[in-house]
Amino acid sequence: VADRTIHWVTKHQLLDAPLWAKFVNQFRLHPDTAANGWGGEYWGKMMRGSVMVYQYTHDAELFRVLTQPVEELLTTQMPDGGFSSYQPGTGFCHWDVWCRKYVLLGLEYYLEICTDQSLRQRVLSAMCAHADAVLEHVGNREDGKIPITETSGIYGGMNSASFLEPIVRLYRLTGEERYLRFANHILSTGGS
């Protein structure tokens, strides 16, 4: 039953290129700004799940379809290096950091299956720039930054504090101490 379900989901959802285009457009159109929304989470959630399915099926068509939204997402990177479904200058509130978390996770999972060395390097560079855009604004108050739990009033900032997972994964990928320091900042807040 599980195998049949995975193949059905692949055929009817994961291979749906127009659906992937809608997810990427969250980062072109920034619709979450007006409604304080969380539409920016879907690209990363879908990518993470799709990579897990690919790792099970090794479906060449699925791999091809997954590469396109990665390439398209990279074209939406903002001048500061971040990917956000909120307009530039309006982020780091509500669900923005939550959505940024899912972008980073989605890219990290895609990196697990990417065999093209040039694309791997572009993805890794984009991930670091994306994380660095968060680190530029979020951190210890004494450094003039917004504490992670104050970037959202939702659940005491727990949604934003969940950035811990992808930042630890990025530290493991790069060995860059600034990502470990940011993980420690998140831990110092208690998570919410």
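Here are some exercises with worked solutions on a predicted model.

**Exercise 1: Two residues with positive phi**

Find out where Asn36 sits and whether it is buried, partly exposed or exposed.

*Solution.*
- Start with the backbone: Asn36 has a phi near 55°, which is positive even though the residue isn't a glycine.
- Next, place Asn36 on the chain: it belongs to the loop between α3 (32-35) and α4 (41-57).
- Now check the accessibility. Buried means under 20% and exposed means over 50%. Asn36 has a relative accessible area of 31%, so it is partly exposed.

Now do the same for Phe92.

*Solution.*
- Phe92 also isn't a glycine, and its phi is positive, near 60°.
- You'll find Phe92 in the loop between α5 (60-74) and α6 (96-113).
- With a relative accessible area of 12%, Phe92 is buried.

**Exercise 2: Who lines the largest pocket?**

Work out which helix gives the largest share of the lining of the largest pocket, and which residue classes are found there.

*Solution.*
- First, the volume: the largest pocket has about 180 Å³.
- Then look at the lining, which includes Leu135, Glu136, Asn140, Arg178, Phe182 and His185.
- Two helices, α7 (117-137) and α10 (177-188), each supply at least two of the lining residues.
- The largest share is from α10, with 4 residues.
- Sort the lining by class and you get 3 nonpolar, 3 polar and 5 charged residues.

**Exercise 3: The second largest pocket**

Work out which helix gives the most to the lining of the second largest pocket.

*Solution.*
- This pocket holds about 160 Å³ of space.
- Among its lining residues are Ala17, Trp20, Arg28, Arg64, Gln68 and Glu72.
- Helices α2 (17-29) and α5 each supply at least two lining residues.
- α2 gives the most, with 6 residues.
- By class, the lining splits into 6 nonpolar, 2 polar and 3 charged residues.

**Exercise 4: Salt bridges between helices**

Describe the salt bridge of Glu108 and Arg169, and say which parts of the chain the pair ties together.

*Solution.*
- A bit of background: side chains of opposite charge can pair when their charged atoms come close.
- Check the distance: the closest N and O atoms of Glu108 and Arg169 are 3.2 Å apart, and the two form a salt bridge.
- Glu108 lies in α6 and Arg169 in α9 (residues 164-174), so the pair ties together parts that are 61 residues apart in sequence.
- Glu108 counts as buried at 2% relative accessibility, while Arg169 counts as partly exposed at 21%.
- There's a network here too: salt bridges link Glu108, Glu112 and Arg169.
- Arg169 also lies over the face of Tyr109, at 4.4 Å from the ring centre.

Now try Asp132 and Arg178.

*Solution.*
- Their side chains meet in a salt bridge, with 2.8 Å from N to O.
- Asp132 lies in helix α7 and Arg178 in helix α10, so this pair ties together parts that are 46 residues apart in sequence.
- Asp132 is partly exposed at 27% relative accessibility, and Arg178 is partly exposed at 28%.
- Remember Exercise 2? Arg178 is one of the residues that line the largest pocket.

How many salt bridges does a search of the whole structure find?

*Solution.* The search finds 10 salt bridges.

**Exercise 5: Stacked or edge-to-face?**

Classify the ring pair of Phe23 and Tyr42, then that of Trp38 and Trp95.

*Solution.*
- You need two numbers: a pair of aromatic rings is described by the distance of the centres and the angle of the planes.
- The whole structure has 9 aromatic pairs.
- For Phe23 and Tyr42, the centres are 6.2 Å apart and the planes are at 25°, so the pair is stacked.
- Phe23 lies in helix α2 and Tyr42 in helix α4, so the pair ties together parts 19 residues apart in sequence.
- Phe23 is buried, at 13%, and Tyr42 is partly exposed, at 36%.
- For Trp38 and Trp95, the centres are 5.5 Å apart and the planes are at 65°, so the pair is edge-to-face.
- That pair links distant parts of the chain, 57 residues apart: Trp38 is in the loop between α3 and α4, and Trp95 is in the loop between α5 and α6.
- Trp38 is partly exposed at 42% relative accessibility, whereas Trp95 is buried at 14%.
- Finally, ring pairs link Trp38, Trp95, Trp98, Tyr102 and Tyr155 into a cluster.
- Over the ring of Trp98 sits the charged end of Lys101, 3.7 Å from the ring centre.

Conventions
Residues are numbered from 1 along each chain as its sequence is written. This is a predicted model: local features need pLDDT of at least 70, side-chain atom pairs count only at pLDDT 80 or more; totals for chains, interfaces and linings use all residues. Side-chain values use heavy atoms; hydrogens and water are left out. Buried means under 20% relative accessible area, exposed over 50%, partly exposed in between (1.4 Å probe, protein chains only). On a 1 Å grid over the protein atoms alone, a cavity is a set of points where a 1.4 Å probe fits but cannot get out, and a pocket is an open set with protein on both sides within 12 Å along at least five of seven lines; lining residues have an atom within 4 Å of a point. Grid points are joined across faces, edges and corners, and a volume is the space filled by probe spheres set on the points. Ala, Val, Leu, Ile, Met, Phe, Trp, Tyr, Cys and Pro count as nonpolar, Asp, Glu, Lys and Arg as charged, and the others, Gly among them, as polar. A salt bridge is a side-chain nitrogen of Lys or Arg within 4 Å of a carboxyl oxygen of Asp or Glu. Rings of Phe, Tyr and Trp (its six-membered ring) pair if their centres lie within 6.5 Å; planes under 30 degrees apart count as stacked, over 60 as edge-to-face and the rest as tilted. A charge sits over a ring if NZ of Lys or CZ of Arg is within 6 Å of the ring centre and within 35 degrees of the ring normal.
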